[in-house]
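Me: I am new to this structure and would like a close look at a single part of it, the aromatic pairs and the core around them. Please take me through that part in one connected answer.

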Amino acid sequence: MRLPVAKPSSYRFALLIAAFAFAFGTSGAPAPAALDMYVGARTVVQNEPIGDCSTKAKNALNAVLQNAFEAGEGTGQWLAYGPPDYSGHANATAVIHCFPVDNGYVVTFTCAVDVPPNPDTASALCAKLVAAFDAGKTAAFLPSARY
């Protein structure tokens with residue numbers, strides 16, 4: 001009795017079909033990580049100098065993240081990153097921006113995190129920054145934008 005022998009090209013074709021099925025089947029799987037971004041927390045502080053905002057911004061960022069710095073001297077835009085992971089990349093960042101208005105200032109908070117590995121959401125990180133900033137008023141959380 002002779003057994004049918006498949007041609008080598010049919011094996012290759014079957015392997016190609018299996019590879020396509022695997023590739024297209026896994027393309028709909030959820031991503032292992034996502035960037036969570038929160039834009040919009042802001043508060044207005046009256047009768048305080050802009051320098052007060054910069055001091056509070058730097059202190060808040062250092063309390064929650066690390067190594068806060070001003071984007072450019074006098075810009076009022078303060079940035080900080082979370083601690084680096086094993087590959088040297090931070091999985092959290094935040095910006096506090098101070099804008100002079102009349103005899104006070106407006107301060108805004110923007111946060112972004114990689115979820116996972118960061119346990120916090122971007123809005124939770126911004127809430128921690130608002131609490132650490134302690135502007136003396138409750139921050140008016142504007143409608144947030146998530147990206």
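**Aromatic pairs and the nonpolar core**

Reply: The count of aromatic pairs in this predicted model comes to two. One of them is formed by F109 and F133, whose rings are arranged edge-to-face, with 5.6 Å from centre to centre and 90 degrees between the planes. Because F109 belongs to strand β5 while F133 belongs to helix α3, this pair ties together parts of the chain that lie 24 residues apart in sequence. Both F109 and F133 are buried.

These two residues also appear in the largest nonpolar core, which has 26 residues, and F109 and F133 are among those with the most contacts inside it, a group that further includes L61, I96, V107 and L129. The elements that give two or more residues to this core are the strands β1 (34-45), β3, β4 (92-101) and β5 (104-115), together with the helices α2 (50-64) and α3 (122-133). Of these, α3 gives the most, with six residues.

Strand β3, which spans residues 77-81, also holds Y81. With a relative accessibility of 40%, Y81 counts as partly exposed, because that value falls between the 20% limit for buried and the 50% limit for exposed. Leaving aside residues up to four places away in sequence, Y81 touches L65, Q66, F69, A90, A92 and T93. The C-alpha atom of Y81 is also separated by 7.1 Å from that of N67, a residue 14 positions apart from Y81 along the chain.

Key: Residues numbered from 1 in each chain as written. Predicted model: local features only at pLDDT ≥ 70, side-chain atom pairs only at ≥ 80, totals over all residues. Heavy atoms only, no water. Helix = DSSP H or I, 4+ residues; strand = E, 2+ residues; numbered from the N terminus. Buried < 20%, exposed > 50% of the residue type's maximum accessible area, 1.4 Å probe, protein only. Contact = heavy atoms within 4.5 Å. Core = buried A, V, L, I, M, F, W, Y, C linked by side-chain atoms within 4.5 Å. Phe/Tyr/Trp six-rings, centres within 6.5 Å; stacked < 30°, edge-to-face > 60°.
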